Amino acid sequence: MVGSVGCSRNPGGPVTGPSGTSSRDKAITTTSMTVPKLDARAFIPVSVIAFLIAPTFATRTPRKQAHRDMSVPTFTFNNGVEVPAIAYGTWQSPPEQLPRAVEYAIKEAGYRHIDCAWGYRNEKAVGEGIKASGIPRSEIFITSKLWGTWHQRVEQCLDETLADLGTNYLDLYLMHWPIPLNPNGNHFMIPTRPDGSRDIDESWDIVDTWKQMEALLKKGKVRAIGVSNMSQKKLESFLPKVEVVPAANQLELHVYNPDHALVSYLKSEGILVQAYSPLGSSGSPLISNGTVVKIAEKYDGLTPADVLLGWLLSKDLEVITRSLSPERMTSNIKGSVAASKALTQEDIEILDGIAAAGKQKRLVTPPWGVDLGFDNWPVKATA
């Protein structure tokens with residue numbers, strides 16, 4: 001079920017690709033490649049571990065065989081840069097545990113894409129893990145994100161990230177949220193007003209933020225630039241004003257929040273869709289959904305988590321996984337790829353319909369106090 005919609009999947013070796021600016025008219029290449037062996041989401045600092053629960057289910061008679069392997073597809077951005085379709089995410093991961101976790105994810109589990117952010121407050125630990133893995137930097141795709149208090153000083157934020165990660169470039173740099181925060185406010189991350197609401201810098205235009213990101217692309221300090229948590233409504237006013245079309249948009253996407261219309265729009269614009277919180281954020285609540293469990297039970301060797309991840313891959317969406325468990329790290333790669341190949345069109349359509357059948361729910365809704373333009377955004381998050 002793995003096809004190519006708005007991006008390509010490609011076979012083999014180091015994650016490399018030409019850098020450069022993208023344009024809305026440039027077609028996305030379609031090739032075939034395999035990487036050998038290879039979740040603003042974070043809107044406040046965290047100090048607790050977010051474990052992904054390893055799902056279990058009763059012994060059953062399998063009806064179909066799902067074959068697992070370590071072959072991971074890649075996608076191609078609209079500027080030709082290739083990105084592994086499965087990333088190891090670092091949101092909510094304690095810095096004291098991350099060096100070993102990242103090392104294992106790269107060296108043992110086979111991840112070649114590490115997703116991080118300045119706002120996660122753990123990038124130095126991520127950098128230590130990357131270095132300890134012994135894998136050449138050129139073979140690892142690194143994503144980071146610009147936090148809201150840095151919109152007027154984009155390069156300075158990037159330089160902090162690069163220093164912490166121990167590298168001189170990023171493969172992808174995202175605008176974490178399309179919300180500039182007061183850089184001179186009462187808190188370095190979440191400045192607030194006297195009434196307790198978020199101190200948003202309403203005088204700043206995110207187009208000016210993007211122009212700084214475009215400059216970093218031209219300098220070669222980043223290989224691709226993109227956005228995160230940006231709705232179609234925001235993009236429709238944003239895209240006509242920019243030179244470089246975002247390479248990616250990282251969003252909360254899962255069976256309870258599939259956002260089909262936005263995904264379709266992004267593909268039409270040549271913007272790769274990246275899915276964070278694919279299992280439903282902390283605690284993986286979606287793995288207990290009855291429909292998901294029932295589909296998993298059709299296949300020998302697949303778990304509900306595999307089905308949830310494979311469903312996204314089968315729709316040509318990049319997946320940001322997250323776990324501190326070595327077993328889960330490996331399973332998230334093997335199982336998601338196996339599921340993406342095993343799921344039938346009927347399975348995919350059933351999973352597509354879960355939210356519309358009464359389960360629609362967003363799980364990451366920081367109270368920004370502004371309209372982000374998303375459907376199904378809780379009123380309390382904009383009040």
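Strand 3, which covers residues 72–76, is largely enclosed by the rest of the structure, because five of its five residues are buried. The model described here is a predicted one, and this report follows the chain from strand 3 into the barrel, then turns to two loop residues, the nonpolar core and a cavity.

**Strand 3 and its hairpin**

In a regular strand the side chains alternate between the two faces of the sheet. In strand 3, both of the faces are covered, with Val72, Thr74 and Thr76 buried on one side and Pro73 and Phe75 buried on the other. The partner of strand 3 is strand 4, residues 82–84, and the two run antiparallel and are joined by three bridges. Within this pairing, Thr76 of strand 3 stands opposite Glu82 of strand 4. The hairpin that the two strands form has five residues between the strands, and in this hairpin Gly80 takes a positive phi near 95°.

**The barrel**

Strands of a sheet pair through backbone hydrogen bonds, either parallel or antiparallel. Whereas strands 3 and 4 run antiparallel, the pairing in the barrel is parallel, with eight strands closing in the order 5-6-7-8-9-10-11-13. On average, and with direction ignored, neighbouring strands of this sheet are turned by 25° against each other.

Strand 5, residues 86–89, shows how the barrel is joined on both of its sides: two bridges link strand 5 to strand 6, residues 113–115, while three bridges link strand 5 to strand 13, residues 318–321, again in the parallel sense. The residues of strand 5 point in two directions, Ile86 and Tyr88 one way and Ala87 and Gly89 the other way, and all of them are buried. The bridge partners of three residues of strand 5 are set out below.

| Residue in strand 5 | Bridge partner | Strand of the partner |
|---|---|---|
| Ile86 | Val319 | strand 13 |
| Tyr88 | Ile114 | strand 6 |
| Gly89 | Asp115 | strand 6 |

**Two buried loop residues**

Gln92 lies in the loop that leads from strand 5 to helix 1, residues 98–109. With a relative accessibility of 13%, Gln92 falls under the 20% limit and therefore counts as buried. Although Gln92 and Arg322 are 230 residues apart in sequence, their C-alpha atoms are 9.2 Å apart in space.

Ile140 belongs to another loop, the one between helix 2, residues 123–133, and strand 7, residues 141–146. Its relative accessibility is 1%, and Ile140 therefore counts as buried under that limit too. The C-alpha atom of Ile140 is separated by 4.8 Å from that of Arg112, a residue 28 positions away along the chain.

**Core and cavity**

In soluble globular proteins, nonpolar side chains tend to be buried together. The largest nonpolar core of this model has 113 residues, and among these Phe77 and Tyr173 touch the most other members. The element that gives the most to this core is helix 8, residues 304–314, with seven residues.

The second largest cavity of the model has a volume of about 60 Å³. This cavity is lined by 13 residues, of which Asn229, Leu251, Glu252, Arg362 and Phe374 are the closest to its centre. Which classes of residue make up the lining of the second largest cavity? Eight of the lining residues are nonpolar, two are polar and three are charged.

Definitions and conventions
Residues are numbered from 1 along each chain as its sequence is written. This is a predicted model: local features need pLDDT of at least 70, side-chain atom pairs count only at pLDDT 80 or more; totals for chains, interfaces and linings use all residues. Side-chain values use heavy atoms; hydrogens and water are left out. On a 1 Å grid over the protein atoms alone, a cavity is a set of points where a 1.4 Å probe fits but cannot get out, and a pocket is an open set with protein on both sides within 12 Å along at least five of seven lines; lining residues have an atom within 4 Å of a point. Grid points are joined across faces, edges and corners, and a volume is the space filled by probe spheres set on the points. Ala, Val, Leu, Ile, Met, Phe, Trp, Tyr, Cys and Pro count as nonpolar, Asp, Glu, Lys and Arg as charged, and the others, Gly among them, as polar. A nonpolar core is a set of buried Ala, Val, Leu, Ile, Met, Phe, Trp, Tyr and Cys residues joined through side-chain atoms within 4.5 Å. Buried means under 20% relative accessible area, exposed over 50%, partly exposed in between (1.4 Å probe, protein chains only). Helices (H or I, at least four residues) and strands (E, at least two) are DSSP runs, numbered from the N terminus. Two strands pair if DSSP finds at least two bridges between them. Axes are lines fitted to C-alpha atoms, for helices over the stretch in contact, and angles run from 0 to 180 degrees between N-to-C directions.
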